Amino acid sequence: MVTEGGQLYTIEGVAAALIMLTTAYLVVGATAVYTPGDAHISDMQMEILGTDALKMMDTPQNFTDTKSPLRQIVETDDGSKFWLLFNNTLNNKTGAYPDHIHFTANYSYRVPSDNSINSSFLNASRNLTGGEHAVRVTKWVIVTKKLPPSAATAQDRAVLVEVLLWRD
Amino acid sequence: MARLNNDGQWIVLMGFLVSFSFFFLALVINQSTLVGQSTAESVIEFPKNDIRDISQVIKEHADNNGKISDPIHDDIVNVSLKRKGAVINYTLDLAGTGLGHDPLVDKNNYSMIHYNNGVTEYNENWTST
């Protein structure tokens, strides 16, 4: 009864079973990655771009000019100047066509009476629909302003300029 | 093969080698997507710009002793907490106020920025005279 005939068949069978089991184990256990691995890198780059643009706008233009453009924009609620400066900084390229980054910006401040936070709209290049994959960048600016507008006197305050950026 | 003749064993062996090497290559490629994602995510998660910004705005406004005005201190603490989800504290140990050190011996002012957003904690100290 005991012959040596089936040994290689058995080995082949065991090997095949192991391969199938391992494959099934890997397939079931694999993490589902819905976004490709480098999708976040463009977010990272856009965050750096936006932060740099805001930092540049918060630098006074020369020695005699003590207020940075961003500070003047917040103090005077000059949304159109923000649009011009920020959009030029973000989207101008050396080529013939500009880049197509969109933004919506506001600034947040504290209401001294109850320490609540108010946000005031600055400007937007396009309205938010909720479907954008936006990146948020912020910049602290010291301003001399009546905050909230009903305040009695203007004093030095810290406000947070917040910008959402996305490509479209 | 299975009928126990010796023909073709090298072919089968090489076949096994090639298929296993493909298998391990596939394993490595499978992991590489995760590596790219987690690297970019951890770079985004680290609040480098927030920390720099806080530090810069405090130093820009502080006077030579390291003192910032109360409204600005409260602005930074409250707005950070509610809009950025980060706990920020700026404490100043002024020389002559007798807090923590002897004002007659130690003429230094000690400034400290504390930042914590739940993932990253950062403390910065400097001394002024």
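Guide: Helices are DSSP runs of H or I with at least four residues, strands are DSSP runs of E with at least two, and both are numbered from the N terminus. The model is a predicted one: local features need pLDDT of at least 70, side-chain atom pairs count only at pLDDT 80 or more, and totals for chains, interfaces and linings use all residues. Residues are numbered from 1 along each chain as its sequence is written, while chains are lettered from A and ligands numbered from 1 in the order in which they are written.

Visitor: Where is the place of A:A30 in chain A?

Guide: A:A30 sits in the loop between α1 and α2 of chain A.

Visitor: What makes A:A30 buried or exposed?

Guide: A residue is buried if 20 or more other C-beta atoms, placed from the backbone, lie within 10 Å of its own, exposed if 12 or fewer, and partly exposed in between. A:A30 has 10 such atoms within 10 Å, so A:A30 is exposed. In chain A, 23% of the 168 residues count as buried.

Visitor: How many helices and strands are there in chain A?

Guide: Chain A has four helices and four strands, and from the N terminus the elements run α-α-α-α-β-β-β-β.

Visitor: What is the radius of gyration of chain A, set against a compact globule of 168 residues?

Guide: The radius is taken over C-alpha atoms, and the globule rule is 2.2 Å times the number of residues to the power 0.38. That rule puts a compact globule of 168 residues near 15 Å, but chain A has 29 Å. Along its principal axes, the C-alpha trace of chain A spans about 105 × 50 × 30 Å.

Visitor: How do you know in which order the four strands form the open sheet?

Guide: Two strands pair if DSSP finds at least two bridges between them. Eleven bridges join β3(A) to β4(A), residues 155–167, and eight join β1(A) to β4(A), so both pairs qualify by that rule. The full order is β2-β1-β4-β3 in chain A, with antiparallel pairing.

Visitor: Why do β2 and β3 of chain A stand at the edges?

Guide: β2 (116–124) and β3 (135–145) of chain A each have a single partner strand, so one side of each is left without a neighbour in the sheet. Neighbouring strands are turned by 25° against each other on average, direction ignored. Among the bridge partners, A:W140 faces A:L160 in β4(A), A:T144 faces A:D156, and A:T104 stands opposite A:L164.

Visitor: What packs on the sheet from chain B, touching β3 and β4 of chain A?

Guide: Helix α2 (residues 48–61) of chain B does, with its direction at about 10° to that of β3(A). Helix α3 (residues 70–84) of chain B touches β1 (101–111), β2, β3 and β4 of chain A, at about 25° to β4(A). Axes are lines fitted to C-alpha atoms, for helices over the stretch in contact, and angles run from 0 to 180 degrees between N-to-C directions.

Visitor: How many residues of chain A are in contact with chain B?

Guide: Contact requires C-beta atoms, placed from the backbone, within 7 Å. By that rule, 32 residues of chain A are in contact with 30 residues of chain B. On the chain A side, α1 (7–29), α2 (39–57), β1, β3 and β4 each supply at least two residues.

Visitor: Which residues touch the most other members of the largest nonpolar core?

Guide: A nonpolar core is a set of buried Ala, Val, Leu, Ile, Met, Phe, Trp, Tyr and Cys residues joined through C-beta atoms within 7 Å. Of the 38 residues in the largest one, A:V74, A:V141, A:V159 and A:V161 touch the most other members. Beyond its neighbours within four places in sequence, A:V161 has contacts including A:L54, A:L70 and A:Y107.

Note on methods. Two residues are in contact if their C-beta atoms, placed from the backbone, lie within 7 Å.
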